[in-house]
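Me: Please take a close look at a single part of this model, one side chain and its surroundings. Then work outward from there, in one connected answer.

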Amino acid sequence: MTLRIGVLGASRIAEFAIVDPARELGHRLVAVAARDPHRARAFADKHGIERVAGTYADVVSDPEVDVVYNPLANALHAPWNLAAVAAGKPVLTEKPFARNHIEARQVADAARTAGVTVMEGFHYLFHPVTQRALQLAADGTLGELVRAEVRMAMPAPADDDPRWSTAMAGGAMMDLGCYGMHLLRRLGRPSIVSARAEQRFPGVDARCDVEVAFPGGATGLSTNSMVADDYSFTLRIAGTMGEVLVHDFIKPHDDDRVTVRTAAGVSVERLGTRPSYTYQLAVFAAHVETGAPLPIDLADAVENMAYVDDAYRAAGMAPR
């Protein structure tokens, strides 16, 4: 089955997260809308999208759109995911799932009631580099978990970027820290011990670091900076018998190394530079087409937003 995909917005992330994967997998991009119609036209022309719709609502309601991709600013995730659910359209939504836990729960409840899939786009989880690291943590190779660290850093977005906007639910914890919480939760059910944020504007964090503890005594760390000199996205899992380092779990197409250290020595595995977004769309499409299972669900999305909210509270900030 060839999916007919409608795109909300003409964001840069859409090129990597939906345009390229759809082209590789043979799905059609049938409609796009943006606040600026000229930008929507330029985006459609550049990427071969079949037509430009007048509004987001036109995309969602289009009978020739099978599924909706939502890469809008954080504050617009929930409203337009709800609109797609009301129209009976499955949604692949960018993370974070919503502005906060309450809003996430509203979307999840609506999706369950309507029987419509809404999947949060944690693309990293679908790539072999992440799957390998989690396998090593689960199969005993590393021994008992001791420490897990998710370190994320990126240069500052432009001053007018929605990630710096309170109204658009911006901030480092929202944009990056949601990954850290999601990854640490793959290893157990951590509790937040402490958090520290540096605010660029009142209510908008440029940095947010979160320490967690696992029931068995292991500890974890999620560091998140939107004011770094360069990009860096690493995952390290250390156990009593060894450790694994994923050198770039967000962009494995740039660096697909997984370094494993045990008593047997050090090995470097290369697990392929096919983008994680392509793996993600393949799984999402299979679910829509045949009902194939997804590795994450609505309950996971709601719980992750609860962790993000709690991290903000621990840092002395209000949730979005």
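**A buried histidine and its surroundings**

Reply: His77 counts as buried, at 1% relative accessibility. The model is predicted, so read every value here as computed from a prediction. His77 lies in helix H4, which spans residues 77-86.

Where do the polar atoms of the His77 side chain find partners? One partner is the backbone oxygen of Leu72, 2.6 Å from a polar atom of the side chain. Another is the backbone oxygen of Glu94, which the His77 side chain reaches at 3.2 Å. Beyond its neighbours up to four places away in sequence, His77 touches two stretches of chain. Asn70, Pro71 and Leu72 are among the residues touched. So are Thr93, Glu94, Lys95, Pro96 and Phe97.

Now the annotation around this site. An unreviewed UniProt entry places the feature "domain: Gfo/Idh/MocA-like oxidoreductase N-terminal" at residues 3-122. That span is 46% helix and 18% strand. Its end C-alpha atoms lie 20 Å apart. The unreviewed entry also places "domain: GFO/IDH/MocA-like oxidoreductase" at residues 131-243. Here the chain is 19% helix and 42% strand, with end C-alpha atoms 15 Å apart.

Next, the nonpolar core. The largest one has 101 residues. Ile5, Ile18 and Phe249 have the most contacts inside it. Helix H7, residues 172-185, gives the largest share, 9 residues. Take Ile18 from that list. Setting aside residues up to four places away in sequence, Ile18 touches Ile5, Val7, Leu29, Tyr69, Leu92 and Leu281.

Leu92 also leads to a polar residue. Gln280 is in contact with Leu92, and also with Met119, Gly121, Phe122, His123 and Phe126, leaving aside neighbours within four places in sequence. Gln280 sits in helix H8, residues 276-290. Is Gln280 buried or exposed? Gln280 is buried, with a relative accessible area of 1%.

Helix H2 shows a two-sided arrangement. H2 covers residues 37-47, and Ala40, Phe43, Ala44 and His47 are buried in this helix. These residues lie on the same side of H2 because they cover an arc of only 95 degrees around the axis. What do they pack against? The buried residues of H2 meet helix H1 (12-25) and strand E2 (28-33). The face turned away from the buried side carries exposed residues: His38, Asp45 and Lys46.

Both ends of H2 deserve a look. At the N-terminal end, Asp36 acts as a cap. A side-chain oxygen of Asp36 lies 2.9 Å from the backbone nitrogen of His38. After the helix comes Gly48, with a positive phi near 70 degrees.

Last, the cysteines. How many disulfides does the structure hold? The count is 0. A disulfide here needs cysteine sulfur atoms within 2.5 Å. For Cys178, the closest cysteine sulfur is in Cys208, 12 Å away, and that is too far for a bond. Cys208 is likewise in no disulfide, its nearest cysteine sulfur being that of Cys178. Are these residues buried or exposed? Cys178 counts as buried, at 0% relative accessibility. Cys208 is buried too, with a relative accessible area of 0%.

Back to the starting point. His77 is buried, and its side chain has backbone oxygens as partners, from Leu72 and from Glu94.

How values were computed: Residues numbered from 1 in each chain as written. Predicted model: local features only at pLDDT ≥ 70, side-chain atom pairs only at ≥ 80, totals over all residues. Heavy atoms only, no water. Buried < 20%, exposed > 50% of the residue type's maximum accessible area, 1.4 Å probe, protein only. Helix = DSSP H or I, 4+ residues; strand = E, 2+ residues; numbered from the N terminus. Contact = heavy atoms within 4.5 Å. UniProt positions renumbered as here; feature names shortened; annotations may be inferred. Arc of directions from axis to C-beta. Polar contact = N/O pair within 3.5 Å; in protein donor to acceptor, adjacent residues only side chain to side chain. Core = buried A, V, L, I, M, F, W, Y, C linked by side-chain atoms within 4.5 Å.
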